[in-house]
Amino acid sequence: MNTQALLDPKWTPRQRESFLEELFLTNSFADLQVAVQGFLERQLSCQVTLLLHHPVGRLTLFESQTGPTMERRLVLEGLPDWQNHIWLADSLKRPVGAHLLFPVSDREDSEKVYLLLEGREIPTQESLAHLQAVLKAVSDSLLVRRRLDDASEQWASTFDFMPDPVLVVREDHTLLRSNRGGQDSLVKCYEVFGEIKPCDDCPLGRGERGQISTPRGQFLVHSSRLLMSEDSDLYIHHYQDRTKERQLYSQLVQSQKMAAVGLLAGSIAHELSNPLTGIKALVESILLELPNNQPIASDFREIREAAIRSQEIIQNLLAFAFPGQERPEETFDPLEVINKTLPLLKVQLRGVHVLLPVLEGRLLVKGSRSGFQQVIFNLIQNASQVMKSQGTISVEVEPDVEFVKIKVSDTGGGVPDSHQDRIFEPFFTTKESGEGTGLGLSVSSQMMTDMGGALKFLGNNTAGAVFEITMRRSPT
Amino acid sequence: MKILIAEDEPLIRRSLDRALTKVGHQVLTAQDGELALELWKQGPPDVAILDVLLPKMTGPEVVLAVRQALGSVSSTRIVLMTAYASSEEWSEIRPDLFLKKPFEDILTVVRRIEELHRG
């Protein structure tokens, strides 16, 4: 750059300023300093160091524009004294011989520029007079540049500090700047979010905001046009992470849906209950009239079985839709109930061994007998379905002082890890449609809680799943 | 014995009719409360089996209307059927038997109705 022109005596201060302004705009700060320094060194035939003196908070920072940053509070009084001498050498980390510290700016600002002149023949202050105008322009420019740099650094830190992604992008989605890194190569903004094409509903050039759903999450994008260059429009995009919010929202929707489904299921179940009762009762009364050996009798029995199965599903739906049904508390022997329940599952248990414990004496628990029966029924039915009619179901009883724990384990391979959190969720099922409503375990768990007990999934053992029923013990 | 069945669900009505006729009872059926009341007035049955939620008149309303018209229904045993749990509203009726839907086996239902008459 032609810094020589600065000395043109025909130039007005305004011209000099705009020349410097141009220099500052088109060159990097470091380049510019080197140029100014070279210019001055040629002019003055001595070594020149530009020193910037400016406050940072309560400290005063001295900055050599050509050497290391010097951080020490010191007030320079233009002419060197021995203290300044030592301080300079210390700060610049090199010996400093004969020198002149020349204050360039005469501004009232707290920021000041000094020239450190060193050499065999140090110019006198008077001999610098002809450079005064240029030096003042240089110093002003330096200070302005300094401020700009500070401000830009502040903005950059602010920008980088923001927890939400902020991207500056071109119209063609090319990323110019980001507080997330990745602006070095030619990256597209959507690639930052793991997409391979522009996100659906991207507001770029179209509007002020959009909702994007990406592999990195869901974001509300605020887009604003930045007028920084003429040839291409730039946009600043602020991304507000909505992933958690969306999750919460969909959970809410899900639970509302569940409630609605529950009510609907409940009313449908009620409507169906009557005709089903009729089907079963009518088939039963037909069966009463038919001799047992009549081939059609077995068909009617099939119809009756189907009606009973349907009624069970309906009872489950009703228990789910209208929970907390008051069941009278009874005292009963759980093993006796289990023994009475097994025949109801005769068909499902074909090929399955059921191991029941043998206890000395009677064991009594408190709760609802029919509720407990339904829970046992569900657990054993689940186990037999998962084992596909071969394997072993073991029932173990652990009586305690206050509680009785009944463990039901199977050899069906266990509950997959991914399902373990969900098995008590209503309508969660892995069964074929028609085989189950996904209500068995959630209703069972609810019923056990209602009677002051609990139903827990203990985990998988080597062979299969282990469930544990807890009931309150009754003194025998 | 003479049994009146008031039930709007045709399958339930028919199954009770069939099973009770089969074991030798005289059965009258009605699909709504008004018809039930009409049949009752023509000659009190030994047992009246009434669904609670009947069209036109509910089962309990039929019983109350009979009591008002005939002064007493003491000769007739009253059976109320419903899918809902019993409530205060029907306790005034004091049914001799309360049948919760869904029923158990129809044979059991028939046996309980017959026991009612004997007892």
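Chain A and chain B each put 18 residues into the contact between them, where contact means heavy atoms within 4.5 Å. This is a predicted model, so to speak: local features need pLDDT of at least 70, side-chain atom pairs count only at pLDDT 80 or more, and totals for chains, interfaces and linings use all residues. Residues are numbered from 1 along each chain as its sequence is written, chains are lettered from A in the order in which they are written, and side-chain values use heavy atoms, with hydrogens and water left out.

Together the two chains bury about 1600 Å², 65% of it on carbon and sulfur atoms; buried area here is the accessible area (1.4 Å probe) lost when two parts are put together, summed over both. There are 2 salt bridges between chain A and chain B, a salt bridge being a side-chain nitrogen of Lys or Arg within 4 Å of a carboxyl oxygen of Asp or Glu. B:Arg18 and A:Glu289 are joined in a salt bridge through their side chains, at 3.0 Å from N to O. On the chain A side, helix H6 (243-289) and helix H7 (295-321) each supply at least two of the residues that touch chain B, and H6(A) gives the most, 15 residues. Helices are DSSP runs of H or I, at least four residues, numbered from the N terminus.

Now for A:Ile469. Among the residues that A:Ile469 touches, leaving out those up to four places away in sequence, are A:Phe372, A:Leu379, A:Val404, A:Met448 and A:Leu455.
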